Amino acid sequence: MLIPIILSGGVGARLWPISRESHPKPFMKLPDGQSLLQKTFARASALEGVREVLTITNREHYFKSRDEYQPAKKTFPGVADTFLLEPFGRNTAAAIALGALKVTADFDGKAIMLVLPADHLIEDQGAFAAAVKQACDLAELGKLVTFGIVPNAPETGFGYIEAEGHTVKRFVEKPSYETAMEYVGSGHYLWNSGMFCFQAGVMLEQFKLHAPSIYEHALACWETTRSKTQGSTPMMEIDSDTFAAIPENSIDYAVMEKSEVVAVVPGDFGWSDIGSWNAISDLTVPDGAGNRIVGEAVLVDVGNSYIQSDGRMVAAIGLDNLLIVDTPDALLVADRGRAQDVKKVVQQLKLMN
Ligand code: GDD
Ligand code: MG
């Protein structure tokens, strides 16, 4: 039994103004017209033996998520889409703990969960399916399986895995730039892709061992949630008060860094984390001047820029190396080298509201 779990509760601040709290990154349409969430659901549904895909997200995104899933549901009519709905975000440890409790209750502790962030791209579905198979074999042996990506830059937004074959010697979440440089230079480290594969019961045991407070509060929250839910339903709303009591942490810090049963399989399937406007830009083909245009634009002496418009005509003259993203109610203009700082705009906007 393999149950993919889609996590889509994050905001994606670096992709403002398209990604917002009300319209987060997973719903963002890529240049090919599909959203990341839509692609994730289709990718999960296509895996062998999958009968149900559980999405854990904010309750405000329930109807929109179901709409996004419609096309894939026609292709895979045997796959049910079930939901665990959060009243607010409590980070990934809480979401995964509750997911593991639900899967254990619905099936049993031996059921294998495949955690999939809703904001990644994977190019090669065949290679992905083969890696998942390998991961399932290791999960059967009681491992928490990660998917390791060969790093090409000292990214500080990722987790790093020191690997020897399938064995993980060390997992380090979001190291400093200096440390990341050292890891990448050593050739012994992989990036953590953020996807995980494990038996529900094994993950719960690891929570008990390394994050007992998260485990206890998640269990209390699950029991209250279940007692308030009538009968069997494809959609469960998590109880707010008990959910608020779960300590906020990511699965990477709470469990993966501490666990001694972490394993890794190679994630050689064209993975990318669509984290910034530069990553979106890379998905499009540049013209002769190095410009990439999504929507309508007139450019005079403009080079190496990404221009995205929605309904309005964008005109630019004499510019180089810029990001321009126009939406009906907000416009972003930024130096391409500062794409990571878009989240600072979001922080300032929060202070203004
Ligand atoms: N349901 C729910 N609730 N989902 C959440 C929440 C939450 O409170 N918080 C985050 N998520 C979802 C995000 O939408 C995303 O799909 C996934 O969980 C991972 O969260 P991020 O916030 O994007 O994590 P990260 O990118 O900083 O780091 C993780 O991913 C990296 C690779 O992209 C870590 O696992 C790193 O180790 C890894 O390298
Ligand atoms: Mg992320």
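This passage describes the domains, the strand pairing and the ligand surroundings of a predicted model.

The domain assignment divides the protein into domain 1, covering residues 2-273, and domain 2, covering residues 277-352. The C-alpha centres of domain 1 and domain 2 are 30 Å apart, and the contact between them draws on 9 residues from domain 1 and 15 residues from domain 2. On the side of domain 1 that touches domain 2, the residues divide into 7 nonpolar, 1 polar and 1 charged.

Within domain 1, strand β9, which spans residues 189-199, serves here as the point of reference, and 11 of its 11 residues are buried. Three strands whose pairing with β9 was examined are taken in turn. Strand β4 (residues 112-117) runs antiparallel to β9 and is joined to it by 4 bridges, with M113 having F198 as its bridge partner in β9. Strand β6 (residues 144-149) likewise pairs with β9 in the antiparallel sense over 4 bridges, and in this pairing the bridge partner of V145 is C197 of β9. Strand β7 (residues 159-164) is joined to β9 by 3 bridges, again with the two strands running antiparallel, and Y160 stands opposite W191 of β9.

Helix α6, formed by residues 200-210, has as its buried residues A200, V202, M203, L204, Q206 and F207. These buried residues of α6 pack against strands β4, β6 and β9 as well as against helices α3, α7 (212-228) and α9 (251-256). Strand β9 is therefore described both by its bridges to β4, with which it runs antiparallel, and by its packing against the buried residues of α6, given that contact is counted where C-beta atoms lie within 7 Å.

Strand β9 also takes part in the surroundings of ligand 1. The shell around ligand 1 receives at least two residues from each of β2 (52-58), α3 (91-106) and β9, and the largest share, 4 residues, comes from β9. Of the 25 residues around ligand 1, those that come nearest are G9, G10, P117, G159 and G194. By residue class, the shell around ligand 1 divides into 7 nonpolar, 12 polar and 6 charged residues, and because Gly is counted among the polar residues, G9, G10, G159 and G194 belong to the polar class.

The residue G194 recurs in the description of H120, which is found in strand β5 (residues 120-122). When residues up to four places away in sequence are left out, H120 touches G194, W271, S272, D273 and I274. The C-alpha atoms of H120 and G275 are separated by 8.5 Å, although the two residues are 155 residues apart along the chain. H120 counts as partly exposed because it has 19 C-beta neighbours inside 10 Å, whereas 20 or more would be needed for a residue to count as buried.

In domain 2, which covers residues 277-352, attention falls on an open sheet of 4 strands in the order β13-β15-β17-β18, in which the pairing is mixed. The edge strands of this sheet are β13 (292-294) and β18 (331-335), each of which pairs on one side only. Neighbouring strands of the sheet are turned against each other by 5 degrees on average, direction ignored.

The two senses of pairing in this sheet can be followed through strand β17. Strand β15 (residues 306-308) and β17 pair in the parallel sense over 3 bridges, and here Q308 stands opposite V325 of β17. Strand β17 (residues 322-326) and β18, by contrast, pair in the antiparallel sense over 5 bridges, with A334 of β18 as the bridge partner of L323 and with V325 standing opposite L332 of β18. Residue V325 thus stands opposite Q308 on the one hand and opposite L332 on the other. A hairpin joins β17 to β18 through 4 residues. Strand β17 is mostly covered, 4 of its 5 residues being buried.

Methods:
Residues are numbered from 1 along each chain as its sequence is written. Chains are lettered from A and ligands numbered from 1 in the order in which they are written. This is a predicted model: local features need pLDDT of at least 70, side-chain atom pairs count only at pLDDT 80 or more; totals for chains, interfaces and linings use all residues. A residue is buried if 20 or more other C-beta atoms lie within 10 Å of its own, exposed if 12 or fewer, and partly exposed in between; C-beta atoms are placed from the backbone. Two strands pair if DSSP finds at least two bridges between them. A residue is near a molecule or strand if its C-beta atom, placed from the backbone, lies within 6 Å of it. Axes are lines fitted to C-alpha atoms, for helices over the stretch in contact, and angles run from 0 to 180 degrees between N-to-C directions. Domain bounds come from an automatic or database domain assignment. Two residues are in contact if their C-beta atoms, placed from the backbone, lie within 7 Å.
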